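Visitor: I've got a model to look at with you. Shall we walk through the fold together?

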Amino acid sequence: MSKEVIIIGKPNVGKSSLFNSIIGKQLALVENIPGLTRDLRKKKIDLFDSSITLIDSAGIQKKVSSFNDNITEFTLESASKSDLIMFVVDGSSGLSSADYEINNIIKKFKIKKILIVNKSEGKLDSFVQDDCSKLGIGEPLFVSAVH
């Protein structure tokens, strides 16, 4: 059985771009529209002599509608059953209260987590690195999913 790795974060941080970049295909829809991803997209891949199922998830957001609440619940339920959580934040805009809220939720899961700071191709604000250390997940990985 393959390990499950889920990519989570708030809307529009580049979760689907990262998913596509890792699998090497444009499987997930990518657009500059928050909330475009509505379901979980899964792809089984081989990585370092292991088979994993990579999961692209919808953005986790505060209560907007009952439909979005259901999407968030489903995403968090899937995250709680995963073997690894890739928590993606936006390095170009810095951490927001929504990022801290997501972090507080996933801290409760007894699962390994990796903090991914996406959109790191430009000059990063020095506060981004400081904020990342406050999350308590560990050293962040700085990436640019589209580059």
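Guide: Sure, and a definition comes before anything else: two strands pair if DSSP finds at least two bridges between them, strands being DSSP runs of E of at least two residues and helices runs of H or I of at least four, numbered from the N terminus. This is a predicted model, where local features need pLDDT of at least 70, side-chain atom pairs count only at pLDDT 80 or more, and totals for chains, interfaces and linings use all residues. Residues are numbered from 1 along each chain as its sequence is written, and side-chain values use heavy atoms, leaving out hydrogens and water.

Visitor: In S3, which residue is the bridge partner of Lys-43?

Guide: Strand S2 (41–47) is an edge strand, pairing on one side only. Seven bridges join S2 to strand S3 (residues 50–56), and the two run antiparallel. For Lys-43, the partner in S3 is Leu-54.

Visitor: In what order do the six strands form the open sheet?

Guide: The pairing is mixed, and the edges are S2 and S6 (141–142). The order is S2-S3-S1-S4-S5-S6.

Visitor: Which residues have the most contacts inside the largest nonpolar core?

Guide: Such a core is a set of buried (under 20% relative accessible area, 1.4 Å probe, protein chains only) Ala, Val, Leu, Ile, Met, Phe, Trp, Tyr and Cys residues joined through side-chain atoms within 4.5 Å. S1, helix H2 (66–80), S4, H3, S5 and H4 each supply at least two residues. Of its 21 residues, those with the most contacts inside are Ile-6, Ile-8, Ile-85, Phe-87, Ile-106 and Leu-115.

Definitions and conventions: Buried means under 20% relative accessible area, exposed over 50%, partly exposed in between (1.4 Å probe, protein chains only).
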